[in-house]
Amino acid sequence: MLHIFCPHCGELRSEEEFHVSGQAHIPRPLDPAPCTDEEWGDYMFFRDNPRGLHHELWIHAAGCRQYFNTTRDTVTYEILETYPIGTQPQFVNPAPAIRKGDQV
Amino acid sequence: MSQSNRLPNGGRIDRSKVLNFNFNGQTYQGFEGDTLAAALLANGVDIIGRSFKYSRPRGIFAAGSEEPNAVLQIGATEATQIPNVRATQQALYSGLVATSTNGWPSVNTDMMGILGKVGGKLMPPGFYYKTFMYPQSFWMTYEKYIRKAAGLGRSPTELDPDTYDNMNQHCDVLVVGAGPAGLAAALAAARSGARVIVADEQEEFGGSLLDSRESLDGKPAADWVATVVGELKGLPNVTLLPRATVNGYHDHNFLTIHERLTDHLGDRAPIGQVRQRMHRVRAKRVVLASGTHERPLVYGNNDVPGNMLAGAVSTYVRRYGVAPGKKLVLSTNNDYAYRVALDWLDAGLHVVAVADARHNPRGALVEEARAKGIRILTGSAVVEARGSKRVSAARVAAIDVKAHKVTSPGEWLDCDLVASSGGYSPIVHLASHLGGKPVWREDILGFVPGDAPQKRVCVGGVNGVYALGDSLADGFEGGVRAASEAGFKPVEGVLPKALSRVEEPTLALFQVPHEKGTARAPKQFVDLQNDVTAAAIELATREGFESVEHVKRYTALGFGTDQGKLGNVNGLAIAARSLNVSIPEMGTTMFRPNYTPVTFGAIAGRHCGHIFEPVRFTALHAWHVKNGAEFEDVGQWKRPWYFPKAGEDIHTAVRRECKAVRDSVGLLDASTLGKIDIQGPDAREFLNRIYTNAWTKLDVGKARYGLMCKEDGMVFDDGVTACIADNHFIMTTTTGGAARVLQWLEIYQQTEWPDLQVYFTSVTDHYATLTLSGPNSRKLLSEVTDIDLGREAFPFMTWKEGLVGGVPARVFRISFTGELSYEVNIQADYAMGVLEKIAEAGKPYNLTPYGTETMHVLRAEKGFIIVGQDTDGSMTPDDLNMGWCVGRTKPFSWIGQRGMNREDCVREDRKQLVGLKPIDPNKWLPEGAQLVFDPKQSIPMKMVGHVTSSYAANSLGYSFAMGVVKGGLKRMGERVFAPLADGSVIEAEIVSSVFFDPKGDQQNVE
Amino acid sequence: MTTANVYQQRPATEAKAESPLFHADLQNLIGKGRSNPGVVLREKKLLGHLTIRGNGHDPAFAAGVHKALGMELPGALALVSSGDSSIQWLGPDEWLLIVPTGEEFAVEQKLREALAGSHIAIVNVSGGQSLLELTGPKVREVLMKSTSYDVHPNNFPVGKAIGTVFAKSQLVIRRTGEETWELVIRRSFADYWWLWLQDASAEYGLGVAA
């Protein structure tokens, strides 16, 4: 069971107090109407599945009812940071090196 | 013959307390302080069960949690049955009843054995793997057979009378294991002031010190244990948990400890006491002092009763005063095992010989044995044992470890006990539960925990530190480190002096060679619990399984409750040799929780019986009970389902309730509907974005029905929202959707539109909601309210404030039945008084309470949907024929708009919600029934929809249903067919889903 | 334009009132059970409960609340009491105010007056909640059986209040004294909590107080 630091309550709490809402930083298109099906499909369905750092949206459901973001290592399950909505993470995965032959 | 193997002296047992117990129907005696295994050995019980696959007789092999054979069923009554108990971990108590889990009809004459090892032939290595390759149906057939033959214990069929619970713990330092290193660590951490928990799986703290020959500060090691435990007990910041196995190491230093509080006291827990407790511990730091398991050597017939782990022999002799034999042959590759021979001598028993695989051992313990005249055969090992139900002899021969060859025929030595020691394996299970890869250390021939992100320290045996003095120091230092990392001041301490002696390295011997080669040699067992032989592992590698995980699954090595405690390293070594790779290249398999079996009782804790789950009640529940309601579970709520009168079944009751609402007036408790208070200058704009329809023009005093979609354009909730002030709304949601909708509003407000000024607060529990519905509802309500209910004064879809039954109320004129209806909202504390007044005033009107069933019927007659019943997350408002509820011209692109405009969502042949009228009015279409256009087509038929709601008992007088049909809205009057499982077919006409009062005249009653 | 609809929700005359634990008939259990129970339970019923929403970072908001209540707006996880009233932090923009029975209407009006012009919300939730007070030397053990939150005095001093998971649902735990704790419970869950607390405190003895 994860131990998650709620940035609003200011302390570590057990995972059971929280719900995860998937990948963080997926903004709703400001005007969805003109989106192509492909753009809309990207927003709706396509998510990263990184090995390493992943930014996730969580809510402290049993506590302060606030949403916030986490940076979690998907290998070790370590949570490197939690940060309020509207702010940016300090820890990010290094950009993947583009190997020869990769389609860009 | 009683306790024939009990030594005259010694052991940490109380010989004045004789305990009777029963094993496989026979009564025996043991002493307080015995484990069940010790008592069985004391009574000379050799055969404890039959093996899983080959049905071979098996005896007690070890003395701790690593015991592979003596895994028994415990329990004196049906209700107190516990499977998978290791006899080596079960303290003896008076009246204990144990039975073998394997070996029908009796362990001594096993039917499967007599019939010629049926099990072995049916289940060659690779059985699991091969079976899974076949279709599912084959597995079902095999499974029955395996379960019966394997007999790995059974659960009780009666209710367990004992209490089990959970306890949440937090500490700065959790010390796992109370052997020398663990106790030293605990001392260091506790003295620093940290909150410390010490857990150990044994009956008492001390670990190896409880049966050690060693002295500390010149006194018996057990004396030091007593002193330390005494000090720890006196500290308020320390929690000591004996009989408590740390079973799982989970994320972020969350560990589970299975404490057996009263398992040592009797078949049932004493009155008022908890039997077992699961501690759920969050530790800032963990000190793993889990110690080591001795490895047995792998040789021919090493499973016959009378073969034992060397250290276990010492434990039985010194800790329990039991001699598990008379004539001992010890086979070893290390110095430390020599203590077993010395202990055996001290007990006045005969050591036939020690076979040491090393050519010229000169360590201190070896010399001591030599000096005492013990015969030592060097460069040798026990190659095979002889005996069917008990060892009668062992052949010791010279071996060449490098060439893996026997180099002399050797000699058969008469003996009844073969003790073997192949070195020591650090118990890395807990350190590996989170995936940490153990690291091979050639100097100790064992895997130790590798680096891991967990905040833990490994000390003592598990850290590869074996000598007693070193282990104490390592433990203390680890305890200091853990406490200081948790924020406490390091302390200094003086540790007791342990004798340090010269010890020579262990020789890398795992499987003892045999002249006939592995395949033809007498069976050499690697994993006794899962009946895996060296030959099976070689076969696996020959068949091409090179990964250790594949070898494991092919052979079952380390499966199940065993988790590779004894066999893991030996199995890896054999696989590595046969693949010609090194052991570290081979690597270990995953170790998974739990370390030893945990009862379901301890896992469930108090979440059982009447407090298994929260049950939610409305403020009016007692009234429903008094009025004879049958209840239905709706989420966690108990809602009245229907109110039967004497002799009524559900159909009769529902018909009566429906009629009462249509003819006069009914009463429904609608308190469970979600209610959300919405305040803020941007509340209206928020509603515009979250609902499909428009809210800009909803005046104060008015209410409107709204549909909510997800971004994909599919309906996910609905309800009526009322404007109660310009910046103030009350939203209602479905009963099941209340929490979900509130979270939905919050996620958009907090993450997408934080600029919108609006707050949401649940008032579901604050208000009780009483619905009066039916043509007489106005007349009835007017008798108990000061609100003007006149048609013009209080029109449909508006709300008013006033007194109802003398209590301030908000009354909404909205309807889910099609009848004139009022929903009365009152602060829940006062609802019962109001209900009683309404019920009294309702008598002349035949006011009839109705439940969810009648509510469902009446709304369906009007074609009103129930989200979750008529929708399934794949229906747009248009699919539901509710396009009227979509604000297509709203300026902001509201949630669901883009989704429902996808090409696929505007197809005309989508499944659409329609009414279904069975041609035979007495036939009832089952909900969920699939629909086809042509019932005569061949199977598989082309399915075109399904029934979502269907009611035989209603106010219409004929059976009707709602369902979805492809292109159904353009197929009015056409026929569909529901072919049912019994072969019959129900024919129905596609009709409008509004069966009752399509023009809405009922709202206009006087 | 009206920002919010506020009305007196309690009846002016004597009306039948049933608190969330009315059905448990606690009155009849007073003094029964083991002597010197490890846990004593009391329902502090029918009090006025108001949820207050607003911007905690806005000094005007804190000042307005202080002006109306005479209590400082508490920061994260804090509980402030004054006489029979208390206010606790629930979230960065949410507080729970508990006042004596019947005072909630006047207090809400006072608050709205003091906070006029600010984006706030005040919601009367009196009917939906109740306070259960637990007192005694074994309350901490009962809490440890029920919540994964650390209730050790080092982590949970008097004056702290937290929302958490309790058994299989959620509630608010407040520590109001050395051996005294309060649970803020939702009405519909009241029976579950009553059953749960009876069970969890059985081994220590449970008493009921008026």
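User: How many residues does the contact between chain B and chain C take from each chain?

Analyst: Two residues are in contact if their C-beta atoms, placed from the backbone, lie within 7 Å. Here the contact takes 48 residues from chain B and 48 residues from chain C. This is a predicted model, in which local features need pLDDT of at least 70 and side-chain atom pairs count only at pLDDT 80 or more, while totals for chains, interfaces and linings use all residues. Residues are numbered from 1 along each chain as its sequence is written, and chains are lettered from A and ligands numbered from 1 in the order in which they are written.

User: Which elements of chain B each supply at least two residues of the side that touches chain C?

Analyst: Elements are DSSP runs numbered from the N terminus, helices being H or I runs of at least four residues and strands E runs of at least two. On the side of chain B that touches chain C, at least two residues each come from the strands β8 (163–176), β15 (274–288), β35 (674–679), β37 (715–725), β39 (759–762) and β42 (807–813), and from the helix α24 (831–842). The most comes from β8(B), with 5 residues.

User: How do the residues of that side divide into nonpolar, polar and charged?

Analyst: Ala, Val, Leu, Ile, Met, Phe, Trp, Tyr, Cys and Pro count as nonpolar, Asp, Glu, Lys and Arg as charged, and the others, Gly among them, as polar. By these classes, the side of chain B that touches chain C has 20 nonpolar, 17 polar and 11 charged residues.

User: How many residues does the contact take from chain B and from chain A?

Analyst: That contact takes 19 residues from chain B and 22 residues from chain A. On the chain B side, α22 (738–752) and α26 (897–900) are the elements that give two or more residues, and α22(B) gives the most, with 6 residues. This side of chain B divides into 4 nonpolar, 7 polar and 8 charged residues.

User: What does chain B look like as a whole, in helices and strands?

Analyst: Chain B has 26 helices and 50 strands, and its C-alpha atoms fill a box of roughly 115 × 70 × 55 Å, taken along the principal axes. A residue is called buried if 20 or more other C-beta atoms, placed from the backbone, lie within 10 Å of its own, exposed if 12 or fewer do, and partly exposed in between. Of the 1006 residues in chain B, 56% are buried. Among contacts in chain B with a separation of 6 or more, residues 24 or more positions apart account for 67%.

User: Which residues of chain B does UniProt list for "domain: FAD/NAD(P)-binding"?

Analyst: UniProt positions are given in the numbering used here, with feature names shortened, and annotations may be inferred rather than shown by experiment. The unreviewed UniProt entry lists residues 172–477 of chain B under that name; in the model this span is 22% helix and 35% strand, with its end C-alpha atoms 16 Å apart. For "domain: GCVT N-terminal", UniProt (unreviewed entry) lists residues 620–889 of chain B, a span that is 26% helix and 29% strand and whose end C-alpha atoms are 43 Å apart.

User: Is helix α8(B) mostly covered or uncovered?

Analyst: Helix α8(B) is mostly covered, since 11 of its 11 residues are buried, including B:Tyr316 and B:Arg319. Its buried residues pack against α1 (36–42), β16 (292–294), β17 (307–309), β18 (327–332), α9 and β25 (417–421) of chain B. Just after α8(B), B:Gly321 takes a positive phi of about 60 degrees.

User: At what angle do α8(B) and α9(B) pack?

Analyst: Axes are lines fitted to C-alpha atoms, for helices over the stretch in contact, and angles run from 0 to 180 degrees between N-to-C directions. Helix α8 (residues 310–320) and helix α9 (residues 338–346) of chain B pack at about 30 degrees, with their axes 8 Å apart. Angles under 35 degrees count as roughly parallel, over 145 as roughly antiparallel, 65 to 115 as roughly perpendicular and the rest as oblique, and α8(B) and α9(B) are therefore roughly parallel to each other. The residues of their contact divide into 5 nonpolar, 2 polar and 3 charged.

User: Why does A:Pro34 count as exposed?

Analyst: A:Pro34 counts as exposed because it has 10 C-beta neighbours inside 10 Å. The place of A:Pro34 is in the loop between β3 (19–23) and α1 (37–45) of chain A.
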